[in-house]
Amino acid sequence: MNARKRAPKSGTISAQDWIDASRAVLIKRGISAVKVEPLAKKLGVTPGSFYWHFKNRDALYRALLKDWLATNVHPFVEALEEAAECPKAQYLALAYVWVLSPQFDAPLDVAIREWGKTSKLAARTMKYVDHKRISLYQWVFEGFGHDPMSAIVRARTMYFHQIGYYAMRVDEDPDKRLLQIPHYAEIIAGDAWLRDLETPEAIKAALVEFPRRESLADRIARRRHAGVS
């Protein structure tokens with residue numbers, strides 16, 4: 001077996017370990033610092049072990065982007081799929097991802113956007129993601145009754161605000177941020193329903209417990225109960 005393809009003998013370093021280490025460096029120092037030898041030293045293995053998992057550094061870069069899609073993009077789609085079929089529930093589901101989801105990594109989003117300034121692949125990926133997220137919000141705002149033009153403007157306003165919040169590295173008390181959410185919802189979605197929530201605890205509960213779609217098990221139980229009744 002070629003030495004470059006021999007599995008590392010010290011520990012069980014996986015491809016995900018390399019990706020995780022690369023993500024941390026990307027966030028802290030930028031893509032130019034994501035290099036094999038420093039990463040190997042950080043992981044406690046030889047640089048040759050890198051090639052057991054990746055053909056070259058470009059392959060690692062592609063894996064980093066794929067990892068970002070899984071951690072910072074898919075949760076938005078999954079939240080909408082889980083939310084009940086009403087715009088209020090869908091809005092809360094998206095807000096939950098931005099503000100409270102343990103999956104969403106805001107510094108990673110900022111780092112990917114910076115990377116896109118020097119990489120065509122990262123820029124194309126970021127452009128696709130921006131379009132996807134904005135389209136999700138447009139769909140939700142159309143559900144509130146806004147015409148397509150109004151919905152896309154609201155979606156862009158919401159998105160640009162949220163991206164700017166993280167890009168500017170706003171340092172804000174979590175409770176204060178939660179208290180602002182009903183006001184953002186009223187201004188951007190055009191609906192004041194969240195203004196009834198007056199405490200950070202109530203707002204947090206609304207985001208975490210956004211109305212979900214009825215599961216198959218729940219539908220079966222409900223029909224059986226209706227049959228008994």
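This tour moves through a predicted model one selection at a time, from the overall fold to individual residues.

**The whole chain**

Begin with the full model in cartoon representation. The protein contains 10 helices and 0 strands, and the pattern read along the sequence is α-α-α-α-α-α-α-α-α-α. Colour by relative accessibility next: buried residues account for 41% of the 229 residues. If contacts with a separation of 6 or more are drawn, 68% of them join residues 24 or more positions apart.

**Helix 1 against helix 3**

Select residues 15-29, which form helix 1, and residues 57-82, which form helix 3. In general, the packing of two helices is described by the angle and the distance between their axes. Here the axes come within 10 Å and cross at roughly 80 degrees. The range from 65 to 115 degrees counts as roughly perpendicular, and helix 1 and helix 3 are therefore roughly perpendicular to each other.

Now show the side chains of the contact. Helix 1 contributes Gln16, Trp18, Ile19, Ser22, Arg23 and Leu26, while helix 3 contributes Leu60, Ala63, Leu64 and Asp67. Sorted by class, this contact comprises 6 nonpolar, 2 polar and 2 charged residues.

**The loop after helix 1**

Continue to Ser32, in the loop between helix 1 and helix 2 (36-43). Is Ser32 buried or exposed? Its relative accessible area is 56%, so Ser32 is exposed. Add Trp115 to the selection: 83 residues separate Ser32 from Trp115 in sequence, yet their C-alpha atoms are 8.8 Å apart in space.

**The largest pocket**

Turn on a surface and centre the view on Ala106, Pro107, Val110, Tyr166 and Arg169, the closest to the centre of the largest pocket among the 23 residues that line it. The pocket holds about 490 Å³ of space. Two or more lining residues come from each of helix 1, helix 4 (87-99), helix 5 (106-115), helix 7 (148-167) and helix 8 (174-189). Which element gives the largest share of this lining? Helix 5 does, with 6 residues. By class, the lining consists of 16 nonpolar, 2 polar and 5 charged residues.

**Two stops at the pocket and helix 5**

Select Arg169, one of the residues closest to the pocket centre. Arg169 belongs to the loop between helix 7 and helix 8. With a relative accessibility of 63%, Arg169 counts as exposed. Check its backbone as well: most residues other than glycine have a negative phi. Arg169, although not a glycine, has a positive phi of about 55 degrees.

Next, select Asp109 in helix 5. Asp109 has a relative accessibility of 3%, so it counts as buried. With neighbours within four places in sequence set aside, Asp109 is in contact with Trp68, Asn72, Phe104, Arg133 and Ile163.

**The enclosed cavity**

Hide the surface and look inside. A search of the whole structure finds 1 cavity of 30 Å³ or more. The largest cavity has a volume of about 130 Å³. To locate it, select Val99, His161, Gln162, Ile181 and Tyr184, which are the closest to its centre of the 13 lining residues. Helix 4, helix 7 and helix 8 each give two or more residues to this lining. Its residues divide into 9 nonpolar, 3 polar and 1 charged.

**Gln162, beside the cavity**

Keep Gln162 selected; this residue sits in helix 7. Gln162 is buried, with a relative accessible area of 4%. Beyond residues up to four places away in sequence, Gln162 touches Trp98 and Arg177.

**Ile203 in helix 9**

The last selection is Ile203, placed in helix 9 (residues 200-208). Its relative accessible area of 2% falls under the 20% limit, and Ile203 is therefore buried. Which residues surround Ile203 once neighbours within four places in sequence are left aside? Ile203 is in contact with Leu178, Leu179, Ile181, Pro182 and Leu197. One of these, Ile181, also appeared among the residues closest to the centre of the largest cavity. For a final distance, join the C-alpha atoms of Ile203 and Leu178: they are 6.4 Å apart in space, although 25 residues apart in sequence.

Conventions. Residues numbered from 1 in each chain as written. Predicted model: local features only at pLDDT ≥ 70, side-chain atom pairs only at ≥ 80, totals over all residues. Heavy atoms only, no water. Axes fitted to C-alpha atoms, helices over the stretch in contact; angles between N-to-C directions. Helix = DSSP H or I, 4+ residues; strand = E, 2+ residues; numbered from the N terminus. Parallel < 35°, antiparallel > 145°, perpendicular 65-115°, else oblique. Contact = heavy atoms within 4.5 Å. Nonpolar A, V, L, I, M, F, W, Y, C, P; charged D, E, K, R; others polar. 1 Å grid on protein atoms, 1.4 Å probe; cavity = no way out; pocket = protein on both sides within 12 Å on 5 of 7 lines; lining within 4 Å. Points joined across faces, edges and corners; volume = space filled by probe spheres on them. Buried < 20%, exposed > 50% of the residue type's maximum accessible area, 1.4 Å probe, protein only.
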